[in-house]
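Here are my comments on the model you sent round. Please read them with the coordinates open.

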Amino acid sequence: MLSSLYNIEIRRNTDYNSCGRYDDPNIKPQVEITRKFCPDVRRTSSYPDINQCNQGNDNCSETELLLQKQRIVNTELKRLLIASVGDTLANKLEKLAKEKAHLNEQVNILTKQTAADAERIENLVIQGDIWKSKFLAARVVVNELSCWKDSISSKVTRKLNKTFNIWKTTARKSFTHCTKLTEP
């Protein structure tokens, strides 16, 4: 019965021009919706045409009854279509909202990681500066110790040379003194 109601609706609303196009742009979407939900529906109908209402009261009242049923069906179809489109949009919006929330969460996580990484980098830079200053201080100490070692080494060498010279002269004097004593 539903497909027969569609047949009446299509027959009543389909006015074609010679090229097979719709004259009224408001009719085309309704026919396409009808085709989408009931693809087996044909454009011809075995029911009496609405314009032929003058043939008799029975025929006219039957046609009006079918017209009322068709209007109810059309209203329900429109409501279903709007609900379907609304649900689709609601689902898309919900999906986009979830995706946005997920992306915001990821941004927050990455922001925290970036802040933690920046803090670690800052700590490493500070530690690098500490080690650099320790190295430079150690280098200064090593240079001072090297100068001190050179100074002490030269002093020790001079003292040893002086002691050796004293010992040498004392040994010569002792040798000469001993040779004088042992000579008859």
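The points below go from the whole chain to single side chains.

1. Status of the model. This is a predicted model. Local features are reported at pLDDT of at least 70, and side-chain atom pairs count only at pLDDT 80 or more. Totals for the chain use all residues.

2. Secondary structure. The chain contains 3 helices and 0 strands, and its elements run α-α-α from the N terminus on. Helix α3 covers residues 57-182.

3. Burial and surface. Of the chain's 184 residues, 14% count as buried. The exposed area of the chain is about 15400 Å², and 59% of that area is supplied by carbon and sulfur atoms.

4. Contacts. Among contacts in the chain with a separation of 6 or more, 59% are between residues 24 or more positions apart.

5. Salt bridges, general. How many salt bridges does the structure hold? There are 3. Side chains of opposite charge can pair when their charged atoms come close. The next three points take the pairs one by one.

6. Glutamate 76 and arginine 79. These two form a salt bridge, with 3.1 Å between the closest N and O atoms. Both residues lie in helix α3, 3 residues apart, which is about one turn of the helix. Glutamate 76 has a relative accessible area of 35%, so glutamate 76 is classed as partly exposed.

7. Glutamate 94 and lysine 98. Here the closest N and O atoms of the salt bridge are 3.4 Å apart. The two residues are 4 positions apart in helix α3, about one turn of the helix. Is lysine 98 buried or exposed? Lysine 98 is exposed, because its relative accessible area is 55% and the cut-off for exposed is over 50%. Glutamate 94, at 41%, is partly exposed.

8. Aspartate 117 and arginine 120. The side chains meet in a salt bridge at 3.0 Å, N to O. Again both partners belong to helix α3, with a spacing of 3 residues, about one turn of the helix. Aspartate 117 has 35% relative accessibility and therefore counts as partly exposed, whereas arginine 120 has 52% and counts as exposed.

9. Aromatic side chains. The structure holds 1 aromatic pair. As a separate item, which residue lies over the face of tryptophan 131? It is lysine 134, at 4.6 Å from the ring centre.

10. Nonpolar surface patch. Val141, Leu145, Trp148, Ile152, Val156 and Leu160 make up a nonpolar patch on the surface. Together these residues have about 580 Å² of accessible area. One of them, leucine 160, is located in helix α3. Why does leucine 160 count as exposed? Its relative accessible area is 55%, and exposed means over 50%.

11. Items to look at in the viewer. I would start with the three pairs in helix α3: glutamate 76 with arginine 79, lysine 98 with glutamate 94, and aspartate 117 with arginine 120. After those, please check lysine 134 over the face of tryptophan 131 and the nonpolar patch that includes Trp148 and Leu160.

Methods
Residues numbered from 1 in each chain as written. Heavy atoms only, no water. Phe/Tyr/Trp six-rings, centres within 6.5 Å; stacked < 30°, edge-to-face > 60°. Lys NZ or Arg CZ within 6 Å of the ring centre and 35° of its normal. Patch = residues over 30% accessible without salt bridge, like charges linked within 9 Å, V, L, I, M, F, W, Y side chains within 5 Å. Areas by Shrake-Rupley, 256 points an atom, 1.4 Å probe, with all protein chains shown as cover. Salt bridge = Lys/Arg side-chain N within 4 Å of Asp/Glu carboxyl O. Buried < 20%, exposed > 50% of the residue type's maximum accessible area, 1.4 Å probe, protein only. Contact = heavy atoms within 4.5 Å.
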